[in-house]
Amino acid sequence: MYRDHLVYVIMPAYNEEPFIAAAIQTLPRYLDKVIVVDDCSTDNTSLVASSIQDPRVLVLRTEKNSGVGGAMKVGYRAAFELGGQILVKMDGDGQMIPEHLDLLLDGLIERGFDYAKGNRFLHSEAIRSMPLSRIVGNILLTFLTKAASCYWHIFDPQNGYTAIRAEVLRSIPLQDLDQRFFFENDMLVQLNIRNYRVTDIAMPARYGGEISDLSIFKVLCTFPPLLLRCFF
């Protein structure tokens, strides 16, 4: 437990065989449950995750590839059933640094926010290590997401390192959230509709040998129409 709260990590993973073991094994000991959702990988992601000798780890596998949003829905519903109080999203590629998880949790427990998310633009080292294409794409996406969600104080909306109170998440219709990479942006809009308090936390990220499935071209083609829909 962390400060008398049951904290569960949901870790969506698609073809993360080279990274998933380290992503799990470096997690803090205070976590109560680690729910790995293998989104129908074509490699041995599930096998590697299941081989880790840690009673906290629960490995689920989707029947078909449903995207990061779809995998998160599976993990969130499992966390509800298992009684988690604070639910954290951490990707299976190891980019999200476990040592900074307590900053997200303190945003909820100490400062009273309902949803805390990482913001790499508040961390100088993170900006220097971020590829230029990600910086440009994130700035464009941030402006559009600010307008659609009305959370004008947030930045780095595509940051998937998040923590949310379970009772807050229960009030959001999971089935209506986007199945794929628009999931985080869609979540912000749903939180604002219900007047929940959201905070940004300065958070670095690690960029190694992992390959992102999200391209700037794909974002610019697909996200603006989705954000316009959310705005209205």
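## Exercises on burial, contacts and surface

The chain exposes about 10500 Å², of which carbon and sulfur atoms supply 57% (Shrake-Rupley method, 1.4 Å probe; for residues, only the protein chains shown count as cover). This is a predicted model: local features need pLDDT of at least 70, side-chain atom pairs count only at pLDDT 80 or more, and totals for chains, interfaces and linings use all residues. Residues are numbered from 1 along each chain as its sequence is written, and side-chain values use heavy atoms, with hydrogens and water left out.

**Exercise 1.** State how many helices and strands the chain has, and what share of its residues is buried.

*Solution.*
1. Helices (H or I, at least four residues) and strands (E, at least two) are DSSP runs, numbered from the N terminus.
2. The chain has nine helices and seven strands.
3. Buried means under 20% relative accessible area, exposed over 50%, and partly exposed in between (1.4 Å probe, protein chains only).
4. Of the 232 residues in the chain, 54% are buried.

**Exercise 2.** Describe the surroundings of Thr-45 in helix H2.

*Solution.*
1. Helix H2 spans residues 45–50, and Thr-45 is in it.
2. Thr-45 counts as buried because its relative accessibility is 0%.
3. Contact means heavy atoms within 4.5 Å.
4. Apart from neighbours within four places in sequence, Thr-45 is in contact with Ala-13, Asn-15, Glu-16, Glu-17, Ile-20 and Asp-38.
5. For Glu-16, the side chain of Thr-45 reaches the backbone nitrogen at 2.9 Å.

**Exercise 3.** Which residues of helix H4 are buried, and which strands are included in their cover?

*Solution.*
1. In helix H4 (residues 101–109), the buried residues are Leu-101, Leu-104, Leu-105, Asp-106, Gly-107 and Leu-108.
2. Their cover includes strands E1 (7–13), E4 (86–89), E5 (115–119), E6 (162–165) and E7 (198–202).
3. Across the chain, 78% of the contacts with a separation of 6 or more are between residues 24 or more positions apart.

**Exercise 4.** Place Leu-144 and Leu-228 in their helices, and give the distance between them in sequence and in space.

*Solution.*
1. Leu-144 lies in helix H6 (residues 132–149), and Leu-228 in helix H9 (residues 216–231).
2. Leu-144 counts as partly exposed because its relative accessibility is 33%.
3. Leu-228 counts as partly exposed because its relative accessibility is 49%.
4. The two residues are 84 residues apart in sequence, and their C-alpha atoms are 8.5 Å apart in space.

Methods
A polar contact is a pair of N or O atoms within 3.5 Å; within protein, one must be able to donate a hydrogen and the other to accept it, and residues adjacent in sequence count only if both atoms are side-chain atoms.
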